[in-house]
Amino acid sequence: MSDKDNKGSMTVAEAGRKGGETVRNERGREFYETIGRKGGATVKAERGRSFYEEIGRKGGETVKAERGAKFYEEIGKKGGDRVKATRGPNFYEEIGRKGGQKVKKLIEEGKRAARAAMAASEGAPQEGSSATPAAPAAPSGETAGPGQNE
């Protein structure tokens with residue numbers, strides 16, 4: 001067939017692009033965001049979170065094999081520079097502080113949970129022991145007399 005015979009015809013890709021643009025113009029970009037979220041939720045429900053982890057890992061390995069590890073350094077730097085330009089250098093200080101506070105809170109919660117677990121295991125009677133806990137020992141060099149233990 002000559003080009004004159006194909007006049008007006010388009011490839012499947014061109015038709016899809018044109019249809020997608022028409023839908024975007026009629027329904028808006030949010031429509032695609034909504035159906036994308038719904039589709040993602042359906043896939044997650046059917047295949048589980050591990051599916052996304054696996055395809056992300058495979059995709060990352062493919063990109064690394066094609067472009068090299070240096071590629072990730074470059075795009076990370078570009079992204080960081082872009083964030084710095086749009087949000088300012090103080091943004092990193094702010095998120096660092098928030099992250100540090102979050103870590104501190106998580107550590108405190110972990111310590112509290114560990115203390116509670118220790119207290120629960122110490123408070124539970126063990127085989128061969130009495131059900132009443134012993135009085136706490138006084139610090140070395142001191143004796144606990146009546147009314148002195150806290």
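Me: Where is lysine 102 found?
Reply: Lysine 102 sits in helix H5, residues 90–123. Helices here are DSSP runs of H or I, at least four residues, numbered from the N terminus.

Me: Is lysine 102 buried or exposed?
Reply: Partly exposed, at 48% relative accessible area. Buried is under 20%, exposed over 50%, partly exposed in between (1.4 Å probe, protein chains only).

Me: Ground rules?
Reply: This is a predicted model: local features need pLDDT of at least 70, side-chain atom pairs count only at pLDDT 80 or more, and totals for chains, interfaces and linings use all residues. Residues are numbered from 1 along each chain as its sequence is written, and side-chain values use heavy atoms, leaving out hydrogens and water.

Me: What's the overall fold made of?
Reply: Five helices and zero strands. Buried residues are 3% of the chain's 150.

Me: How many salt bridges?
Reply: Seven. Each puts a side-chain nitrogen of Lys or Arg within 4 Å of a carboxyl oxygen of Asp or Glu.

Me: Got one in H2?
Reply: Glutamate 33 pairs with arginine 29, closest N and O atoms 3.3 Å apart. Both lie in H2, four residues apart, about one turn. Glutamate 33 is partly exposed at 35%. Arginine 29 is exposed at 60%.

Me: What about H3?
Reply: Arginine 49 bridges to glutamate 53, with closest N and O atoms 3.0 Å apart. Both are in H3, residues 49–67. Arginine 49 is exposed at 59%, and glutamate 53 is partly exposed at 45%.

Me: What comes after H2?
Reply: Glycine 48, with a positive phi near 90 degrees.

Note on methods
Helices (H or I, at least four residues) and strands (E, at least two) are DSSP runs, numbered from the N terminus.
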